[in-house]
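Q: Please take a close look at the surroundings of the ligand for me, and follow the trail from there into the rest of the protein. I'd like one connected account rather than a list.

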Amino acid sequence: MNTDIAVVGGGASGLCAAIEAKKFCPAADVSIIEKLPKCGKKIIATGNGKCNLSNVNLSSEKYHGSVNAMNIINNAPDCYEFFTKNLGILCVEGSEGRQGGLYPSSNSSSTVLNALRLKIQELGINEICGFDVNSFRQIKNGFALYSSNDQIFCRKLIIAAGGYAGTSFGTDGSVLRILKDMGYKISRISPAVAPLRVSQNQLKGLKGVRAKGSISAVHKGRILRTEKGEIQFNENNISGVCVFNLAYLFRDYENLVLSADIMPHMTENELADYLFCIRRIRRNYPLEEFLTGLFVKNMSVYIVKNVLGKSPESKISSLSDNDIKILSYRIKELEFNVTGCSSWQNAQATYGGIHADCINSKLESLLHKGLYFCGEILDTVGDCGGYNLQFAWSSGITAGRNCGISLKGDYYDKNK
Ligand SMILES: Cc1cc2nc3c(=O)[nH]c(=O)nc-3n(C[C@H](O)[C@H](O)[C@H](O)COP(=O)(O)OP(=O)(O)OC[C@H]3O[C@@H](n4cnc5c(N)ncnc54)[C@H](O)[C@@H]3O)c2cc1C
């Protein structure tokens, strides 16, 4: 089969790239090549089915990696321009939890996918599903893409095949491996926007506990980053949006420690004064009741056992002044040694990818002319809260536009 522009990957960035390529070169035959039976499976799962598609607080601190995400975002149309004016999707700020997150007013991710598909139909873009690209090469006047039993020839190629995260959505890093073999510089890959694993021993008794507070990633005593929010303790990992935003640090720092402040409303001294007071009031009760009213039962018992090493049955009156000082210090710095990041299956994004050294500002490859990249396959990852989808849309638009413009230029040159 022949097509003018092939877009490998029918996810967020690929769908936008195809739309923009066709808009900027209407005469071109544009085809999306997707290995799953349908395009956009991951879009449906985003934001717990609500699609946190962007954020009002876009800034460079929210992105990590060699590719300058904000440059790309700032040079592409904003949400209102692309979604509302272009696709008819009204975007509103989400009411619960995630600060500044933008969602479709329908609160449903399927409406975003439906609107993208309507545009694709309207523009006459082909969707070729069930085609798993397992290799490709540059040929005279374009590229040849191969699956195990088929091939497609195109004049320009956009690669939007995502990274490794969310393996059930078709993303297993296969295209990144192909590109590595072709000589592309790929920055070290690690799961991001994901829970962090902690030894089961350190979490004993905390499974299912949730605490509001702040959590810091600490390396050799230096705080690398602090995030606020709900901290969720599980059997062998700690999760919650605040932890998701620290996960990318695991790639570059060995022996990372998570330090949780689960009493953010009080300073250490205020907490100590309060605990002295409680010791007086509850002196005849067992230690397991000491922190009742501050934390849920499991957390209270955990702290008494793990911080003081005392039996929860012993009397509150047995606490020394020093015990209380230690408690108030440790409640504000509960430490957990990170042993790993979660599996790719449970990660929402990929840290690492095609290095900035391999592309120009049009997102065209510096190794193969006529080949463009967009989305998560590039070496940039955003925080949780709409930042990754925003990068996918913006980079898709950028790659699609530049690819369409360049093909239009080729037509013009041919007919001159
Ligand atoms: C559960 C979950 C929830 C998320 N929620 C949010 C959220 O609310 N907000 C946010 O900003 N981000 C969220 N993300 C992250 C966000 O979805 C991704 O960063 C974004 O979708 C990346 O878009 P992409 O187009 O680069 O890649 P993808 O959306 O991953 O699409 C890549 C496509 O390429 C196809 N493909 C891969 N290899 C091949 C091949 N060899 N041949 C043919 N096709 C191939 C895949 O099947 C896939 O359809 C979430 C991620 C997950 C997993």
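A: Happy to. Let's start with the whole: of the 416 residues in the protein, 55% are buried. Keep in mind that this is a predicted model. Its secondary structure comes to 11 helices and 20 strands, and the C-alpha atoms fill a box of roughly 95 × 40 × 35 Å along the principal axes. About 18,500 Å² of the protein surface is accessible, and carbon and sulfur atoms account for 46% of that. Among contacts between residues at least 6 apart in sequence, 74% join residues at least 24 apart.

Now to the ligand. There are 35 residues around it, and those that come nearest are Ser13, Glu34, Lys42, Glu376 and Leu389. Sorted by class, this shell has 14 nonpolar, 16 polar and 5 charged residues. Three polar pairs deserve a look. A polar side-chain atom of Lys42 sits 2.7 Å from an oxygen atom of the ligand, and a polar side-chain atom of Asp132 is 3.2 Å from a ligand nitrogen. Leu389 takes part through its backbone instead: an N or O atom there lies 2.7 Å from a ligand oxygen. How much of the ligand's surface does the protein bury? Taken alone the ligand exposes 1,000 Å², and 95% of that is buried by the protein.

Which elements build this shell with two or more residues each? They are helix H1 (12-24), strand S2 (30-34), helix H2 (41-45), helix H6 (174-181) and helix H11 (387-415). H11 gives the most, with 4 residues, which makes this helix a good thread to follow.

One residue to pick up on H11 is Gln390, which is found in that helix. Is Gln390 buried or exposed? Its relative accessible area is 5%, under the 20% cut-off, so Gln390 is buried. Its side chain has two polar partners to consider. One is the side chain of Ser394, joined to that of Gln390 by a polar contact of 2.8 Å. The other is the side chain of Ser54, at 2.6 Å. Leaving aside neighbours within four places in sequence, Gln390 is in contact with Leu53, Ser54, Leu58, Tyr63, Ile73 and Cys79. Ile73 shows how far along the chain such a link can reach: Gln390 and Ile73 are 317 residues apart in sequence, yet their C-alpha atoms are separated by 7.6 Å.

Crossing over to Ser54, we arrive in strand S3, residues 54-55. Ser54 counts as buried because its relative accessibility is 1%. Not counting residues up to four places away in sequence, Ser54 touches Cys79, Gly100, Gly101, Leu102, Gly385, Gly386 and Gln390. Cys79 is thus a residue on the contact lists of both Ser54 and Gln390.

Just before S3, in the loop between H2 and S3, sits Cys51. Its phi is near 65 degrees, a positive value in a residue other than glycine. Cys51 is buried, with a relative accessible area of 0%. Val193 makes a parallel case, with phi near 45 degrees, also positive in a non-glycine residue. Val193 lies in the loop between strand S11 (190-192) and strand S12 (196-198), and it counts as buried at 3% relative accessibility.

Finally, let's return to H11 and look at the nonpolar interior. In soluble globular proteins, nonpolar side chains tend to be buried together. Here the largest nonpolar core has 81 residues, of which Phe83, Leu157, Ile354, Phe373 and Trp393 touch the most other members. H11 gives the most to this core, with 10 residues. To see one member up close, take Ile354: not counting residues up to four places away in sequence, it touches Val67, Leu176, Leu179, Tyr184, Lys185, Ile186, Phe373, Ile377, Leu378 and Asp379. Apart from that core lies another, of 54 residues, including Ala217, Ile231, Phe233 and Ala347.

So the thread comes back to where we picked it up: H11 is the element that gives the most residues to the ligand's shell and also the most to the largest nonpolar core.

Technical notes: Residues numbered from 1 in each chain as written. Predicted model: local features only at pLDDT ≥ 70, side-chain atom pairs only at ≥ 80, totals over all residues. Heavy atoms only, no water. Near = heavy atom within 4 Å. Polar contact = N/O pair within 3.5 Å; in protein donor to acceptor, adjacent residues only side chain to side chain. Areas by Shrake-Rupley, 256 points an atom, 1.4 Å probe, with all protein chains shown as cover. Nonpolar A, V, L, I, M, F, W, Y, C, P; charged D, E, K, R; others polar. Buried < 20%, exposed > 50% of the residue type's maximum accessible area, 1.4 Å probe, protein only. Contact = heavy atoms within 4.5 Å. Core = buried A, V, L, I, M, F, W, Y, C linked by side-chain atoms within 4.5 Å.
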